[in-house]
Amino acid sequence: MPATTAYAPGKIILFGEHAVVYNRPAIACPVNKVRAKAVLIPQPKGEPGSVRVQAPDIGLDSWLEELAPDHPLRFVVDMLLEHLEIDHIPACILRVTSTIPVASGLGSSAAIPVAVMRALTGFLGISLPDEKINQLAFRVEQLSHGTPSGIDNTVITYSLPVYFIKEQPLTLLHISTAYTFVIGDSGVSSPTSRTVAAVRSGWQEEPERYEGIFDQIGSLTDRAKEFLERGERARLGELMDLNHELLVELGVSSPQLDNLVAAARRAGALGAKMSGGGGGGNMIALATAESAPRIAHSIMRAGAAGTITTTVE
Ligand code: PMV
């Protein structure tokens with residue numbers, strides 16, 4: 001039996017983060033330059049059912065059953081086998097690596113389970129539809145985030161640009177033009193659960209103000225969908241700037257993110273905003289193929305820990 005390998009990409013949220021938790025639309029795209037990788041290596045001489053889990057990035061090398069039941073890697077394997085009604089799998093090593101920065105809004109917590117499920121089903125010779133992978137990946141997101149909207153697992157499972165509303169059928173975006181984005185890492189890791197919880201307590205204290213902000217984010221996301229599909233870059237950039245200001249009002253940006261956003265705009269970005277949970281993590285800037293290196297340089301000079309230039313088409 002040969003080894004089975006599967007990948008899942010990172011992602012960026014172009015519009016609508018946080019408001020999407022409150023049933024407003026959001027737009028997200030896969031980022032293929034970073035990805036999670038899962039490899040299942042058969043161990044023909046091993047005890048049936050024994051699974052060695054190795055995640056060298058985090059120094060993990062352990063038997064699956066020695067991990068806590070809510071450890072994300074054990075959780076995803078147990079959940080998948082339960083769903084498939086399989087008690088024991090052939091002895092194997094599950095090796096997981098990822099180039100997606102952790103806790104930075106690029107979807108690492110959804111990409112790893114998607115890659116693991118695809119590798120494991122491939123190893124077992126079972127084909128599981130994307131819809132099912134997506135549902136199961138959502139359960140892992142619930143474990144790590146509490147109340148996720150489901151956008152991360154969806155964009156990562158389908159690996160296509162999506163217009164997403166919680167609990168509604170998925171809309172794939174039809175983008176005719178290529179868009180270049182520069183992603184800037186603030187270098188500050190920030191768990192999504194923290195900013196999601198902060199927004200929730202703000203919303204409980206001032207429901208009208210927060211609902212008003214969510215409405216504004218929702219309607220600019222709808223306009224952004226049209227501009228994206230029609231190739232109207234400049235207007236799309238303006239909406240990114242507006243979305244950033246609304247995220248500042250929600251209190252989920254940070255001085256570092258604001259600084260990187262300003263640096264991108266100074267270097268000629270058509271628009272820039274924080275992306276994902278915020279509080280740290282990443283920002284994105286709309287560039288062109290020509291302006292991207294200049295914008296990336298400016299973001300680095302403003303203190304970014306790294307940049308990724310990605311194209312969405
Ligand atoms: O995983 P992150 O940091 O990209 O955040 C996901 C986006 C949020 O809207 C903040 C949360 C959610 O579940 O949609």
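For the residue classes used below, Ala, Val, Leu, Ile, Met, Phe, Trp, Tyr, Cys and Pro count as nonpolar, Asp, Glu, Lys and Arg as charged, and the others, Gly among them, as polar. Bear in mind that this is a predicted model.

**View 1. The ligand and the 16 residues around it.** Lys11, His18, Ser149, Asp152 and Thr192 are the closest of these residues. Sorted by class, the shell holds 6 nonpolar, 7 polar and 3 charged residues. β1 (4-15), α4 (151-158) and α5 (192-205) each chip in with at least two shell residues.

**View 2. Zooming in on oxygen atoms of the ligand and their partners in Lys11, Thr192 and Gly105.** In the side chain of Lys11, an N or O atom lies 2.6 Å from a ligand oxygen. For the side chain of Thr192, the matching distance is 2.7 Å. Gly105 takes part through its backbone, with a polar atom 3.4 Å from an oxygen of the ligand. The protein buries 97% of the 380 Å² that the ligand exposes when taken alone.

**View 3. The largest pocket, whose space the ligand takes.** Its volume is about 810 Å³. There are 45 lining residues, and Ala103, Ser108, Ser109, Ser144 and His145 sit closest to the centre. The lining breaks down into 21 nonpolar, 19 polar and 5 charged residues. Elements giving at least two residues each include α1 (72-84), β5 (92-98) and α2 (108-124).

**View 4. The second largest pocket, about 400 Å³ in volume.** Of its 19 lining residues, Asn134, Asn153, Thr154, Phe164 and Glu167 lie nearest the centre. α3 and α4 are the elements that give two or more residues, and α3 has the largest share, with 4. By class, this lining has 7 nonpolar, 8 polar and 4 charged residues.

Terms used: Residues are numbered from 1 along each chain as its sequence is written. This is a predicted model: local features need pLDDT of at least 70, side-chain atom pairs count only at pLDDT 80 or more; totals for chains, interfaces and linings use all residues. Side-chain values use heavy atoms; hydrogens and water are left out. A residue is near a molecule or strand if one of its heavy atoms lies within 4 Å of it. A polar contact is a pair of N or O atoms within 3.5 Å; within protein, one must be able to donate a hydrogen and the other to accept it, and residues adjacent in sequence count only if both atoms are side-chain atoms. Accessible areas come from the Shrake-Rupley method with a 1.4 Å probe; for residues, only the protein chains shown count as cover. On a 1 Å grid over the protein atoms alone, a cavity is a set of points where a 1.4 Å probe fits but cannot get out, and a pocket is an open set with protein on both sides within 12 Å along at least five of seven lines; lining residues have an atom within 4 Å of a point. A molecule sits in a cavity or pocket if more than half of its atoms lie within 2 Å of its grid points. Grid points are joined across faces, edges and corners, and a volume is the space filled by probe spheres set on the points.
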